[in-house]
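Notebook open, structure loaded. I want to go through charge pairs, odd backbone angles and one helix, in that order.

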Amino acid sequence: MAYSEEVVLRARERLAQAKADREAENREHMEYAYKMVPRIREIDRLLRVSMATAAQRIFSSGENVEEAMEQVRRDNLALQQERARLAAENFEVGYLDDSPLCPHCGGSGYVGSRMCECLQELCRQEQKKEISAVACGKESFSQFRLSYYPETVDAKLGVSPRVVMERTLQKCQNYAAAFGRESGNLLFNGESGLGKTFLSLCIARAVAERGFSVRYESAPHLLEKLQKSKFSSDESTERAMERLVSCDLLVIDDLGTEYPGQMVNTLLYTLINDRMMEHRPMIISTNLTMEQIQGRYSSQIASRLRGGFSRLLFLGEDIRVLKSRF
């Protein structure tokens with residue numbers, strides 16, 4: 001799962017702070033315990049020097065090594081048992097437990113070259129924050145209301161908007177639940193106010209909660225970034241472009257609301273084509289019909305959208321208008 005550099009950096013900073021906090025707490029507890037029960041300090045000192053003391057004794061007196069080591073083990077066990085008893089008698093359970101923040105990586109975030117589960121979880125949390133900043137914390141499949149969609153059969157389609165939207169909702173839920181590198185691309189197609197943005201955010205949130213990296217961009221903002229990258233080579237711009245290309249899921253909202261032009265066509269085609277070549281899924285929502293897409297964009301873009309995306313229809317009345325009536 002390709003977390004952005006910024007997400008990993010924020011997660012590592014949080015882990016480092018948590019590790020520092022845990023170590024500071026452990027030191028504070030230990031200092032207090034030493035003050036209240038000086039014998040614990042003495043036991044810890046003896047445990048630290050026991051092996052060195054045994055080695056020195058063996059070297060100077062010629063004792064049998066195995067017998068001496070066995071005696072050290074017995075002495076250490078007795079000291080540990082005494083320490084545990086003193087801790088239980090004087091402090092609450094776990095007060096002197098100086099275990100590291102994470103039992104697998106010790107709080108470093110990595111086991112060898114592999115990212116530890118503790119850091120992965122923080123990355124997931126930071127990824128979800130990015131989606132929440134866009135989604136305002138509201139969009140989830142449970143909030144989607146099919147009751148807004150008419151049950152009257154559409155004469156052209158031979159089915160009601162309610163039935164169409166039931167199918168669309170189910171496909172979106174299935175897509176989010178089974179999301180992966182081979183999930184393919186979705187094209188949300190329909191007029192304004194029918195739930196395209198809402199369901200795309202529902203998918204983005206669900207996918208991010210499963211640990212995948214997600215970028216959510218409005219078409220105008222996306223094309224602004226693409227054009228900026230065309231004429232800029234600064235590091236921040238390059239990182240922004242890398243996130244757009246490499247994230248697990250890219251959501252482009254409101255395609256067709258950006259300012260048109262030949263450069264827009266070229267940049268948009270390159271992004272879509274690059275992601276399709278690398279099997280990196282996309283969701284694109286638009287108010288345009290397929291005929292309007294064909295007239296507005298290059299034939300290459302229209303071909304990619306028609307042949308490389310599963311089209312989901314959004315039918316009904318503008319939900320914002322319906323809400324204003326009540």
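Started with Glu82: its relative accessibility comes out at 21%, so I put it down as partly exposed, given that buried means under 20%. This is a predicted model, so all of my entries come with that label.

What does Glu82 pair with? I looked for a partner and found Arg39, with which Glu82 makes a salt bridge; the closest N and O atoms sit 2.9 Å apart. Arg39 is in helix H2 (residues 38-61) and Glu82 in helix H3 (residues 65-90), so this pair ties together parts that are 43 residues apart in sequence. I checked the cover on Arg39 too: it is partly exposed, at 32% relative accessible area.

Next I went to Arg83. Its salt bridge goes to Asp44, and I noted 2.6 Å between the closest N and O atoms. Arg83 belongs to helix H3 and Asp44 to helix H2, so here parts 39 residues apart in sequence are tied together. Buried or exposed, I asked of Arg83? Buried, with a relative accessible area of 16%. Asp44 counts as buried as well, at 9% relative accessibility.

Third pair on my list: Arg215 and Glu217. They form a salt bridge whose closest N and O atoms are 3.9 Å apart. The cut-off is within 4 Å, so I kept the pair in. Both Arg215 and Glu217 are buried. I also wrote down a network: Glu70, Arg73 and Arg74 are joined by salt bridges that share partners. How many salt bridges does the structure hold? I have eleven in my notes.

Then charge without a salt bridge. I found a negative surface patch formed by Asp21, Glu25, Glu28 and Glu31. I looked up Glu31 from that group: it has its place in helix H1 (residues 5-36), and with a relative accessible area of 55% it is exposed. Patch members have no salt bridge by the way patches are picked, so I didn't go looking for a partner there.

On to backbone angles. Most residues other than glycine have a negative phi, so I wanted to see the exceptions. Asp254 is one of them, with a positive phi near 65°. I placed Asp254 in strand E5 (residues 249-255). It is partly exposed, and I have 27% for its relative accessible area.

His279 also went on the list: phi is positive, about 55°, and the residue is not a glycine. Where is His279 found? I traced it to the loop between H9 and strand E6 (282-286). At 44% relative accessibility, His279 counts as partly exposed.

Since His279 follows H9, I took a look at that helix last. H9 covers residues 262-277, 16 in number, and I get 22 Å from its first C-alpha to its last, close to the 22 Å expected at 1.5 Å a residue. Which residues of H9 are buried? My list reads Val264, Asn265, Leu267, Leu268, Leu271, Ile272, Asn273 and Arg275. I flagged Arg275 as a charged entry among those buried residues, and closed the page there.

Note on methods. Residues are numbered from 1 along each chain as its sequence is written. This is a predicted model: local features need pLDDT of at least 70, side-chain atom pairs count only at pLDDT 80 or more; totals for chains, interfaces and linings use all residues. Side-chain values use heavy atoms; hydrogens and water are left out. Patches are made of residues with over 30% relative accessible area and no salt bridge: like charges are joined within 9 Å, nonpolar side chains (Val, Leu, Ile, Met, Phe, Trp, Tyr) within 5 Å. Accessible areas come from the Shrake-Rupley method with a 1.4 Å probe; for residues, only the protein chains shown count as cover. A salt bridge is a side-chain nitrogen of Lys or Arg within 4 Å of a carboxyl oxygen of Asp or Glu. The place of a charge is taken as NZ of Lys, CZ of Arg, CG of Asp or CD of Glu. Helices (H or I, at least four residues) and strands (E, at least two) are DSSP runs, numbered from the N terminus. Buried means under 20% relative accessible area, exposed over 50%, partly exposed in between (1.4 Å probe, protein chains only). The expected span of a helix is 1.5 Å times one less than its number of residues.
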